Amino acid sequence: MRTVFQVVQWACMAFALVVFLGQLAMVLMRYLLGFGFLEMQDAVNYAFAALAALAVAVAFEENKHVRVDVFSQRLSEAVNGWIDSAGDLLLALPVFAILLWTAFPLIRASWAIFEGSPETGGLPGLFLVKSVLLLLPGLVLLLVLTRLASALRRGLQ
């Protein structure tokens with residue numbers, strides 16, 4: 001499981017590099033040379049979309065996601081574990097399951113036509129970027145189910 005998230009983390013770093021270098025190249029070409037490439041703009045947009053989606057799963061796995069920790073400092077580790085498990089069960093599980101359920105028809109339709117850029121002459125492969133909308137909830141659901149199973153095992157011991 002950790003290996004999967006390490007691969008996703010490396011993919012996020014690669015997407016961040018594409019966004020940075022691609023945007024830098026576009027700005028330099030536009031303002032210094034007076035021209036640009038629509039394909040490069042699409043590549044930056046695709047990389048940014050994938051980065052934003054996959055970074056959610058990486059942050060969730062690293063426990064670096066946003067949370068309100070007003071009381072957790074005063075509570076024991078066991079109580080915080082129960083709160084985390086309740087949050088996983090009552091919030092993360094249903095939200096990401098609904099996201100997976102509602103994104104599937106969109107992705108299926110996109111794959112059916114091999115959807116490309118909405119811009120004329122843009123990059124093909126938008127259907128691949130949209131597939132990240134299935135990967136994100138799938139990864140988070142896998143992580144949540146693993147955490148809940150681990151918490152259940154700890155509770156039974």
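## Helix α1, salt bridges and aromatic pairs

Arg147 sits over the face of Phe60, 4.7 Å from the ring centre. This contact, like everything below, is taken from a predicted model.

Helix α1 covers residues 2-33. The helix has 32 residues, and the distance from its first C-alpha to its last is 45 Å. That is close to the 46 Å expected at 1.5 Å a residue. After α1 comes Gly34, with a positive phi near 80 degrees.

Some residues of α1 are covered by the protein: Phe5, Val8, Cys12, Val19, Gly22, Met26 and Met29 are buried. Leu28 is also found in α1, but Leu28 has a relative accessibility of 41% and therefore counts as partly exposed. Leu28 belongs to a nonpolar surface patch of about 920 Å². The other members of this patch are Leu17, Phe20, Leu21, Leu24, Leu32, Leu33, Phe35 and Phe37.

Side chains of opposite charge can pair when their charged atoms come close. The number of salt bridges in this model comes to four. The table lists three pairs, including two that involve Arg2.

| Salt bridge | Closest N to O distance |
|---|---|
| Arg2 and Glu61 | 2.6 Å |
| Arg2 and Glu62 | 3.2 Å |
| Glu115 and Lys130 | 2.8 Å |

Which parts of the chain does the salt bridge of Arg2 with Glu61 link? Arg2 is in helix α1 and Glu61 in helix α2 (residues 38-61), so the pair links distant parts of the chain, 59 residues apart. Arg2 is partly exposed, with a relative accessible area of 37%.

Arg2 also forms a salt bridge with Glu62. This pair too links distant parts of the chain, as Glu62 lies in the loop between α2 and α3 (77-112), 60 residues from Arg2. Glu62 is partly exposed, at 30% relative accessible area.

The salt bridge between Glu115 and Lys130 links distant parts of the chain as well, 15 residues apart. Glu115 is in the loop between α3 and α4 (126-130), while Lys130 is in helix α4. Through shared partners, salt bridges join Arg2, Glu61 and Glu62 into one network.

The structure also holds five aromatic pairs. A pair of aromatic rings is described by the distance of the centres and the angle of the planes. One of the pairs is formed by Phe114 and Phe127, with 5.3 Å from centre to centre and 70 degrees between the planes. This pair is edge-to-face. Phe114 lies in the loop between α3 and α4 and Phe127 lies in helix α4, so the pair ties together parts 13 residues apart in sequence.

Is each ring of this pair buried or exposed? Phe114 is exposed, with a relative accessible area of 56%, whereas Phe127 is buried, with a relative accessible area of 12%. Together with Trp111, Phe114 and Phe127 form one aromatic cluster.

Technical notes: Residues are numbered from 1 along each chain as its sequence is written. Side-chain values use heavy atoms; hydrogens and water are left out. Patches are made of residues with over 30% relative accessible area and no salt bridge: like charges are joined within 9 Å, nonpolar side chains (Val, Leu, Ile, Met, Phe, Trp, Tyr) within 5 Å. Accessible areas come from the Shrake-Rupley method with a 1.4 Å probe; for residues, only the protein chains shown count as cover. A salt bridge is a side-chain nitrogen of Lys or Arg within 4 Å of a carboxyl oxygen of Asp or Glu. Helices (H or I, at least four residues) and strands (E, at least two) are DSSP runs, numbered from the N terminus. Buried means under 20% relative accessible area, exposed over 50%, partly exposed in between (1.4 Å probe, protein chains only). Rings of Phe, Tyr and Trp (its six-membered ring) pair if their centres lie within 6.5 Å; planes under 30 degrees apart count as stacked, over 60 as edge-to-face and the rest as tilted. A charge sits over a ring if NZ of Lys or CZ of Arg is within 6 Å of the ring centre and within 35 degrees of the ring normal. The expected span of a helix is 1.5 Å times one less than its number of residues.
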